[in-house]
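User: Could you take a close look at one part of this model, the open sheet and what packs on it, and walk me through it in connected prose? Please explain each term with its cut-offs as you go.

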Amino acid sequence: MAPIILEGLRKVYPGKPPVVALESLDLTIDDGEFVAFVGPSGCGKSTVLRCVAGLERLTAGRVIIGGREVQELPPGKRDVAMVFQSYALYPHLTVYKNLAFPLKERHVPKQQLDAEVRRVAEMLELTPLLRRRPGQLSGGQRQRVAMGRALVREPLAFLLDEPLSNLDAKLRTQMRTEIAAVHRRHGITSIYVTHDQVEAMTLGERIVVMRDGLLQQAGAPAEVYENPANLFVAGFLGTPTMNMLSGRNERGVLSAGPLRLLAPGVPDGDVVVGIRPEGLDIAEGDDGPRLEVIVSHVEALGNENLVHGAVAGIDDAALPFVFRAPPRVAPRRDERIGVRVDVAQLLLFDRVSEQRLHLTGPVVTADDRRAAG
Amino acid sequence: MTTAITPAPLVDRLPDDDGPEGARRRRPSPWHFLLLPLSLLMLTPLVWMVVTAVSTTEESRRFPPALPSSIQWSNFADVWTGSPFGHWLLNTAIVSIIVVISNVVLCSTAGYAFARLRFRGSGLAFILLLATLMVPFQVVLIPTLLIVKSFGLIDHLGALIVPNLVTAFGVFLMRQFFISLPPDLEEAGRIDGASRLGVFRKILLPLMGPPIATLAILTFLSIWNDFLWPLVAIQSPQNMTMQLGLSTFQGAHLTDWPLLMAATLMSQLPVIILFLVGQRWFVRSIASSGIK
């Protein structure tokens with residue numbers, strides 16, 4: 001177990017033009033912490049993992065694992081273990097030999113090797129499969145063997161590169177629980193890379209959102225979800241995604257479609273108003289600020305309906321808009337439906353810089369202020 | 001109204017049982033009407049060779065050929081005692097085995113380098129290597145002879161070994177197979193603590209069974225059956241290889257066909273045995289390399 005310090009990590013792939021995969025990344029991962037890197041394809045999250053593992057040579061920067069600078073060391077000397085998306089099990093070796101391989105390479109005495117392999121196999125319920133080859137295992141079993149091979153030598157850090165991507169939804173949920181349990185039991189510093197925000201949010205003690213090789217935001221999952229640093233993070237996290245409305249703040253009044261709001265501390269200019277689906281509700285009577293949504297389609301999930309559509313009467317009506325509705329509410333296509341907006345949950349972003357606009361007080365509707373005045 | 005539901009079979013029908021699947025496999029296909037005569041046609045030279053090898057000289061000159069009145073086993077003994085056949089067999093075996101081993105080792109390592117290692121000029125080097133495949137051997141025969149002569153290897157088994165230690169085709173073949181292996185395996189091996197050579201030896205090579213068998217078989221066949229280069233490089237009978245030795249049975253005016261066919265049959269025995277043992281690899285190697 002060891003903290004991992006990433007200092008000014010930069011990775012440029014040569015070519016015409018060169019591709020900047022990673023741009024000055026600084027991050028400290030505490031001893032025993034589980035950090036999930038999340039972002040769209042090509043954002044540089046896997047590059048971070050590969051640079052920590054030693055599979056990619058850094059263009060600049062330092063990687064410090066357990067107080068030791070390792071960026072010049074080959075992968076085998078860094079004392080890290082990695083679980084690959086493809087599991088990368090050695091197909092010609094049995095499960096036993098796959099698990100034993102890292103120990104054998106480190107010249108662990110035979111008796112100790114056998115004991116370690118059997119301990120890990122027992123822990124991951126692989127004992128009945130020890131004599132099988134990877135080709136004779138199911139996806140979930142292969143995944144467990146890959147985990148076992150990484151765990152068997154108690155590495156300083158545990159690197160997981162989208163390890164659940166090849167599993168079906170049910171197995172993925174099950175393995176997510178198992179990975180969390182393994183981490184709780186061993187407390188090994190872990191970096192988990194995924195494009196699946198649910199995995200990142202449920203597994204990570206801290207999540208790191210990446211985009212175009214740049215770190216966008218790092219923090220506890222709930223904190224990043226509730227207080228996204230910019231428009232990208234706000235739009236990337238959350239299912240269904242955050243609804244965005246264009247607006248303009250002029251002389252202290254923010255107009256976004258039919259909404260008239262007072263947002264203290266927000267400078268005049270173009271803004272984007274973000275509303276998460278949970279900040280919206282079916283309007284019943286005149287019960288506060290509301291939007292009119294023209295329904296395009298409804299996704300019935302059983303426990304709730306996701307109603308998709310576009311906000312009526314705004315310029316960017318083409319922007320998708322979605323909110324949750326109880327199962328009994330199933331509006332038809334092109335039906336207009338009133339949606340109540342909880343202004344306390346609105347998030348404001350600068351339209352140009354896409355950065356979050358921080359308020360000096362709660363957002364209220366202009367009508368509320370007038371009534372109060 | 002109720003609907004009868006037919007229960008699904010508990011066990012799927014096996015392809016080899018007596019069900020419709022198995023019956024279909026045994027039923028003659030229209031292709032058989034074409035393939036059967038073609039197979040017989042292909043077998044004709046082999047049968048003719050065997051028949052001639054056990055005939056007398058007179059019987060071998062009959063046309064159309066017919067079965068001999070008695071089997072002349074003495075032809076095989078005559079070949080063995082009347083010519084340095086044992087020498088030729090040994091020479092061919094030495095050359096073939098050394099060349100096969102060196103090709104497997106050198107072509108796989110070079111193929112790995114071209115497939116996986118990033119080094120300056122690797123692309124250009126590989127293109128140059130591929131370009132050599134387009135040059136017929138007859139074009140480089142004389143330059144090769146001059147080089148071998150400068151090494152002092154003329155009329156020496158080394159002349160048959162050194163120019164064939166590694167081949168551009170072998171490197172290309174192995175590179176293509178290495179490229180098809182997922183890089184994750186290699187990376188996992190390196191993280192698990194193996195050196196690059198360790199990864200090559202312990203992880204990649206065991207997975208390269210089919211391509212190595214392909215390369216070994218194709219190399220063996222080309223060396224065993226090579227005639228032109230030994231004809232140029234070897235002069236003395238004790239250094240001759242099998243194919244060269246066989247040509248000595250053919251005279252300018254008269255050829256003793258039974259002896260020639262007996263010698264040919266004996267020379268092909270190792271190849272036939274190899275084929276019977278590794279039939280699966282033979283077919284796969286020829287199919288996968290696209291070479292006949």
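Analyst: What follows describes the sheet, then the helix that lies on it, and then the surroundings.

This is a predicted model, in which local features need pLDDT of at least 70 and side-chain atom pairs count only at pLDDT 80 or more, while totals for chains, interfaces and linings use all residues. Residues are numbered from 1 along each chain as its sequence is written, and chains are lettered from A and ligands numbered from 1 in the order in which they are written.

Helices (H or I, at least four residues) and strands (E, at least two) are DSSP runs numbered from the N terminus, and two strands count as paired if DSSP finds at least two bridges between them. Strands of a sheet pair through backbone hydrogen bonds, either parallel or antiparallel. In chain A, six strands form an open sheet in the order 6-7-8-3-9-10, with mixed pairing. Its edges are strand 6 (80-83) and strand 10 of chain A, each of which pairs on one side only. From one strand to the next the twist averages 20°, where axes are lines fitted to C-alpha atoms, for helices over the stretch in contact, and angles run from 0 to 180 degrees between N-to-C directions.

Towards the strand 10 edge, strand 3 (residues 34-38) and strand 9 (residues 206-211) of chain A run parallel and are joined by four bridges; within this part of the sheet, A:Phe37 has A:Val208 of strand 9 as its bridge partner. Strand 9 of chain A also pairs with strand 10 (residues 214-219) of chain A, here in the antiparallel sense and over five bridges. Among the partners in strand 10 of chain A are A:Gln217, which bridges to A:Val209, and A:Leu214, which bridges to A:Arg211. Strands 9 and 10 of chain A form a hairpin with two residues between them, and in that turn A:Asp212 has a positive phi of about 50°.

At the strand 6 edge, helix 4 (residues 139-151) of chain A lies across strand 6 and strand 7 (157-161) of chain A, running at about 175° to strand 6. This helix 4 of chain A has 13 residues and reaches 18 Å from its first C-alpha to its last, close to the 18 Å expected at 1.5 Å a residue, the expected span being 1.5 Å times one less than the number of residues. Helix 4 of chain A is mostly covered, since 10 of its 13 residues are buried; a residue is buried if 20 or more other C-beta atoms, placed from the backbone, lie within 10 Å of its own, exposed if 12 or fewer, and partly exposed in between. The buried residues of helix 4 include A:Arg142, A:Val145, A:Met147 and A:Leu151. They pack against strand 6, helix 2, helix 3 (110-123), strand 7 and helix 5 (169-186) of chain A, with two residues in contact if their C-beta atoms, placed from the backbone, lie within 7 Å.

Strand 6 also leads to the partner chain. The contact takes 18 residues from chain A and 13 residues from chain B. On the side of chain A that touches chain B, strand 6 and helix 2 (95-105) of chain A each supply at least two residues. The residues on that side divide into 13 nonpolar, three polar and two charged, where Ala, Val, Leu, Ile, Met, Phe, Trp, Tyr, Cys and Pro count as nonpolar, Asp, Glu, Lys and Arg as charged, and the others, Gly among them, as polar. Chain B itself has 16 helices and zero strands.
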